[in-house]
Amino acid sequence: MKPARLSPLDLLLLGLSPLRTRPLRAVLSALGISIGIATLVVVTGIPASSRAALMEEFAALGTNLLRAEAATGSNNEPASLPPDSVAMVERIGPAEKVSAVANTHAVVRRSDRIPDSETSGLTVLATNLNLLETLNGRVHTGAFLNEATEKFPAVVLGDVAATRLGVTATGTQVRINDTWFTVIGILDPLPLAPEIERSALVGWEAAEDLGFDQRPTVLYLRAQEAAIDDVRAVLPPTVYPQQPSQVRVSRPSDALTAKRLTENTFSALMLGLAAVALLVGGIGVANTMVISVLERKREIGLRRALGANRGQVRTQFLTESVVLCLLGGAAGVTLGLAGTAGYAVAHGWPAVIPIEMVLAGLGAAVLTGVVAGVYPAVRASRLTPTEALAAP
C-alpha cells in the first residue's frame, strides 16, 4: 500500500498540535525567537526613523549653510575678520544670504549680585538683523532685534542662555557688564548653530557701548545648493584676501550628520545581539523538539505502524519546528514594530518601518525553524515502529 499523502492543511494542523497540547512550553520555546526578531526590527527601524527625522530637519533648516570664522591667533586669542567681510561675501554670485555675529567679550549675568567670576558659559554677541533669517531660526517668545531696538539696550537670548539665566518671559532684565539690558525675545533651538543657543544677542550699534570693535568673528552664508562646494572654496580668500589661511569654513549640516551617525554606531552591536538571541532561541526550539521526539515515541510508532513513512514523520516534526519559530517571529515582529513606533513618537520622529527588515525577520524565523528542526525530525524518522511502540 502506498502511504497516504499529507496535504498542506494536514501538515499545518500537525504543526499546531504542540501549541494546543503544551501551550506553556511552546510560548517559552518561541520566546527566544521573538526577542531576536524584535531586536532585529527595532535596531533597523529606529535608525531609519532617526534618518527620516534628520532629513525633515534638513528640509526645514537647509543644508546650504556655511560658517566662516576667524582662526585662533598665535597667543590663543580669538582673531576677528575684516569689518567689510560681510559686504565682500555678498559679492559672491551664488550667495543668497549673509549675516555675521561678533564676540563682544562682555559678560551677561542675571543679577548684579552675582560674582564677576561666574559667567554661566554664555557669550554676548553683536549681531546683524538678518541673522535669524539666514539661519532659518524662529523666535519662541517675544521678537527679534530690529532697526529700532538694535540701538538700545535690548537683548535676545538663545534657548540655552535663557535657561541658564532663569529667564522665561520677555521684559526681564539681565546685566551685561555694567549695563541693564531688557530681554525682548527668546529663540527656539538652532541645531545648525548651537553657539547661538548659548548666546545673548545685542544690536550692532548697542554693542559699541560694550567696547565692541565692529569686527565680526563669525559669518553665516546661505548659498545655492548646487554651488555650495565652489562657494566653500572661494570663501576664505574672499573674506580675508591678505590671509585666507586665517579663515576656517565649516558646513554645520555635516557636523549634525556626523552626530547622528555617532548616535547610531550601536546599531551593529544591537544586530549582533539580535543574532545571539536568534541563536539562543534556535537552540531552545531544537531542545524542545528533541524532547518532543522522546516524549512522543509511542505516537511515532503508531503512525509508522499505520503506514506513515520516514519522510512523512520528518515532515511532521520539521513543520512543527517551523510553525513554532514562525509564530515566535510574528510575535517578535509585532513587538519590534510597537517598540520602534513608541520610541519614534517619544522623540518626535516619524515612525519608519523598513518592510524589507520585517520580511527578513520572518524569513530568519523560518530559517531558524528549519535548522532547529532538522536533527529532531531525522531522529524521529529513524525510529522503527517496534522500537517506538515499545518505548516506556
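Which residues form a nonpolar patch on the surface, and about how much accessible area do they have together? In this predicted model, the patch is made up of Leu24, Leu28, Leu31 and Ile35, which together have about 410 Å² of accessible area. Of these residues, Leu31 is placed in helix H2, which covers residues 23-61, and Leu31 counts as partly exposed because its relative accessibility is 45%, a value that falls between the limits of 20% for buried and 50% for exposed residues.

The annotation of the chain can be set beside these features. An unreviewed UniProt entry lists residues 26-46, 269-294, 322-345 and 351-375 under "transmembrane region". In the model, the stretch of residues 26-46 is 100% helix and 0% strand, with its end C-alpha atoms 30 Å apart. For residues 351-375 the corresponding values are 84% helix and 0% strand, and the end C-alpha atoms of that stretch are separated by 41 Å.

Charged pairs were examined next. Side chains of opposite charge can pair when their charged atoms come close. Five salt bridges are found in a search of the whole structure, and a network of such bridges links Arg67, Glu69, Glu195 and Arg248. Within this network, Arg67 pairs with Glu69, with 2.9 Å between the closest N and O atoms, and Arg67 also forms a salt bridge with Glu195, for which the closest N and O atoms are 3.1 Å apart. Since Glu195 lies in helix H6 (residues 194-197) and Arg67 in strand S1 (residues 65-70), this pair ties together parts that are 128 residues apart in sequence. Arg67 is buried, with a relative accessible area of 13%, and Glu195 is likewise classed as buried, at 19%.

A further salt bridge joins Asp188 to Arg138, the closest N and O atoms being 3.6 Å apart. This pair links distant parts of the chain, 50 residues apart, with Asp188 in the loop between strand S8 (179-187) and H6, and Arg138 in the loop between helix H4 (131-135) and strand S5 (139-142). The two partners are classed in opposite ways, for Asp188 is buried, with a relative accessible area of 18%, whereas Arg138 is exposed, with a relative accessible area of 57%.

The nonpolar interior was considered as well. The largest nonpolar core contains 23 residues, and those with the most contacts inside it are Val108, Val124, Val155, Leu157, Val174, Ile176 and Val202. Two or more residues of this core are given by each of strand S4 (123-127), strand S6 (154-157), helix H5 (159-165), strand S7 (173-176), S8 and strand S9 (199-203). When neighbours within four places in sequence are left aside, the contacts of Leu157 include Ala162, Leu165, Val183, Ile186, Leu187 and Ala200. Apart from the largest core lies another core, of 21 residues, among which are Val285, Val293, Val313 and Phe317.

Finally, positive phi values occur in residues other than glycine. His105 has a positive phi of about 60 degrees and is found in the loop between strand S2 (95-103) and strand S3 (108-109), where His105 counts as exposed at 55% relative accessibility. The phi of Asn136 is also positive, near 55 degrees; Asn136 lies in the loop between H4 and S5 and is partly exposed, with a relative accessible area of 32%.

Key. Residues are numbered from 1 along each chain as its sequence is written. This is a predicted model: local features need pLDDT of at least 70, side-chain atom pairs count only at pLDDT 80 or more; totals for chains, interfaces and linings use all residues. Side-chain values use heavy atoms; hydrogens and water are left out. Patches are made of residues with over 30% relative accessible area and no salt bridge: like charges are joined within 9 Å, nonpolar side chains (Val, Leu, Ile, Met, Phe, Trp, Tyr) within 5 Å. Accessible areas come from the Shrake-Rupley method with a 1.4 Å probe; for residues, only the protein chains shown count as cover. A salt bridge is a side-chain nitrogen of Lys or Arg within 4 Å of a carboxyl oxygen of Asp or Glu. Helices (H or I, at least four residues) and strands (E, at least two) are DSSP runs, numbered from the N terminus. Buried means under 20% relative accessible area, exposed over 50%, partly exposed in between (1.4 Å probe, protein chains only). A nonpolar core is a set of buried Ala, Val, Leu, Ile, Met, Phe, Trp, Tyr and Cys residues joined through side-chain atoms within 4.5 Å. Contact means heavy atoms within 4.5 Å. UniProt positions are given in the numbering used here, feature names are shortened, and annotations may be inferred rather than shown by experiment.
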